[in-house]
Amino acid sequence: MAVYLIKITFAPPMQEISELYSLLSQPRKVVITTHQKPDGDAMGSSLGLYHFLKQFGHSITVISPTNWAAFLNWMPGCKQVLDYESQFNAANNAIDEAEWIFCLDFNTLSRTKKMEEKLGNATATRILIDHHIEPQVEKFTYGISNADKSSTAEMVYDFIVGSGNGDKINEAVAECLYAGVMTDTGSFRFPSTSSSVHEMVAALKKTGFKHSRVHEELYDNFLENRFRFIGNVLLHRMEIFYEYNTALIAIPQNDLIKYDIRTGDTEGLVNYPLSIQGIKLAAIIIDRGEERKSSFRSKGNFDVNTFARKYFNGGGHFNAAGGQNKEPLEEVVAKFKAAMKENKDQLSDYQF
Ligand code: 5GP
Ligand code: MN
C-alpha cells in the first residue's frame, strides 16, 4: 500500500493592524509604497497616509515603483514621491533605513515590478493595507486585507479613525483620500460604494477641502493629443461582438508613438464601450513594447478577476481586473477572442 505524505504549510497570519495604534506616536523611519503605475487610489491612499503620519514626527519617504500619470501631480506631497526607476539610489537608501514599510493598494509584491526583490529582502516591518483578494499574507507582519472595501483610501481612513486620530484628518489628508475613493468607485457609481463610503466623504468634507477641484484636476487636465488618439481608437481599434455582449479595443504601439501617448493617457479608455447598450465585458489590450497590457471591466455577474487570472497572468477585482502577456499583440487578441468564446454562457446571461 502506498503511503502518501502530505505536506501542509500554513502561512503565518498577519497581525491585526490595530496593534500599531499605540505605536504611532513614536517617531520612526517610514516608507510608504504602492503598485506600479499608481492610479488615483494608489497615490491618494499613499499620500493620505503620508500627511496623517507626518503629524507624529515620523520621517517618511513615499516611493512609487514606476512613474505615474501627470494628472496626479496636483496632490499635496506628490512632488516629493520618489520614482524607483529614475531615483533608484535614493529609494533604495530609504528602504534600507526604514523601520516600517507600508504597502498600499496591492496584494502581491510582484505588483511593484522591479522593487519586488528589494521589498522582499527589506529588514523593515512590512504592513499591508489593501482591498484585492488573495494577499501574500506571509510577506507582511501586520496588515488588513478586505476585498469588500471600495478603495485603499477608505481603508486608510478606517485606520486613522480606528486609531482614535480622526482629528488629524486635515485638508491635505482629505483631498488625497477623496481622490482615492472617488476614482476607485467610478465617481461613487460602483456597487462597492457603501453607506460607509458616503459617511467617510461627509466627514472629509468637514475639513473644507474642495471636491470640485479634485474632479477638475483629475478629469479636466488632458491635452488635445489624447482626444485625437481616443477618436482614432474608437473609430479604428474597437471591435464589438454583440453575440457575446463584449467589446475589445486593441492598440498597436505605433498609435502610442504617433499620438505621443504618456502614462495615464489610456486610463479609463476601457470604460468607453461599457456604455454601449448590452455590453457586459469590455477589454483593452495595449502594446506597450515591453509587454501587452490588458484591462478588463465588466457589468453584473461576469467575473473578470478569474478571467484575467486564467488567461492573462493577471487579477484584480470582480468587475475590474488586468493582466499582461509577453506574446505579440495579434496573439493576445486571438487569445482574448478564444477566451470570450469559451465564456459564452456567462457572457450571455446578464444578472445584476
Ligand atoms: P487596471 O485595468 O486599471 O490596470 O487594473 C484594474 C484592477 O486590476 C486593479 O485593481 C489592479 O490592481 C488589477 N490589476 C491590473 N493589472 C494586474 C496584473 O497584471 N496582475 C494583477 N494581479 N492585478 C492586476
Ligand atoms: Mn485600489
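Modeller: Welcome! One term before we start: strands are DSSP runs of E, at least two residues long, and helices are runs of H or I, at least four long, both numbered from the N terminus. Please keep in mind that this is a predicted model. With those terms, E134 can be placed in the loop between strand 5 (125–130) and strand 6 (142–145).

Biologist: Thanks! What makes the phi of E134 worth pointing out?

Modeller: Its value is near 55 degrees, which is positive, and E134 is a residue other than glycine. Most residues other than glycine have a negative phi.

Biologist: And how do you know whether E134 is buried or exposed?

Modeller: The cut-off for exposed is over 50% relative accessible area. E134 has 53%, so E134 is exposed.

Biologist: Which phi does F188 have, and where is F188 found?

Modeller: F188 has a positive phi of about 65 degrees, although F188 is not a glycine. You will find F188 in the loop between helix 5 and helix 6 (195–205).

Biologist: Why is F188 called partly exposed?

Modeller: Buried means under 20% and exposed means over 50%. The 22% of F188 lies in between, so F188 is partly exposed.

Biologist: Let's turn to the helices. Why are helix 1 and helix 5 called roughly antiparallel?

Modeller: Helix 1 (residues 40–53) and helix 5 (residues 171–184) pack at an angle of about 160 degrees. Angles over 145 count as roughly antiparallel, and therefore the name fits this pair. Their axes are 7 Å apart, and helix 1 passes helix 5 in a left-handed crossing.

Biologist: Which residues meet there?

Modeller: From helix 1 they include G40, G44, L47 and H51, and from helix 5 they include A172, C176, A179 and T183. The residues of this contact divide into 7 nonpolar, 7 polar and 2 charged.

Biologist: C176 is a cysteine. How many disulfides does the model have?

Modeller: The count comes to 0.

Biologist: How do you know that C176 is too far from C78 for a bond?

Modeller: A disulfide needs the two sulfur atoms within 2.5 Å. The sulfur of C176 is 8.6 Å from the closest cysteine sulfur, in C78, so the pair is too far apart for a bond.

Biologist: What makes C78 and C176 count as buried?

Modeller: The cut-off is under 20% relative accessible area. C78 has 1%, so C78 is buried. C176 has 0%, so C176 is buried too.

Definitions and conventions:
Residues are numbered from 1 along each chain as its sequence is written. Chains are lettered from A and ligands numbered from 1 in the order in which they are written. This is a predicted model: local features need pLDDT of at least 70, side-chain atom pairs count only at pLDDT 80 or more; totals for chains, interfaces and linings use all residues. Side-chain values use heavy atoms; hydrogens and water are left out. Axes are lines fitted to C-alpha atoms, for helices over the stretch in contact, and angles run from 0 to 180 degrees between N-to-C directions. Angles under 35 degrees count as roughly parallel, over 145 as roughly antiparallel, 65 to 115 as roughly perpendicular and the rest as oblique. A crossing is left-handed if the near helix is turned anticlockwise from the far one by less than a right angle, and right-handed if clockwise. Contact means heavy atoms within 4.5 Å. Ala, Val, Leu, Ile, Met, Phe, Trp, Tyr, Cys and Pro count as nonpolar, Asp, Glu, Lys and Arg as charged, and the others, Gly among them, as polar. Buried means under 20% relative accessible area, exposed over 50%, partly exposed in between (1.4 Å probe, protein chains only).
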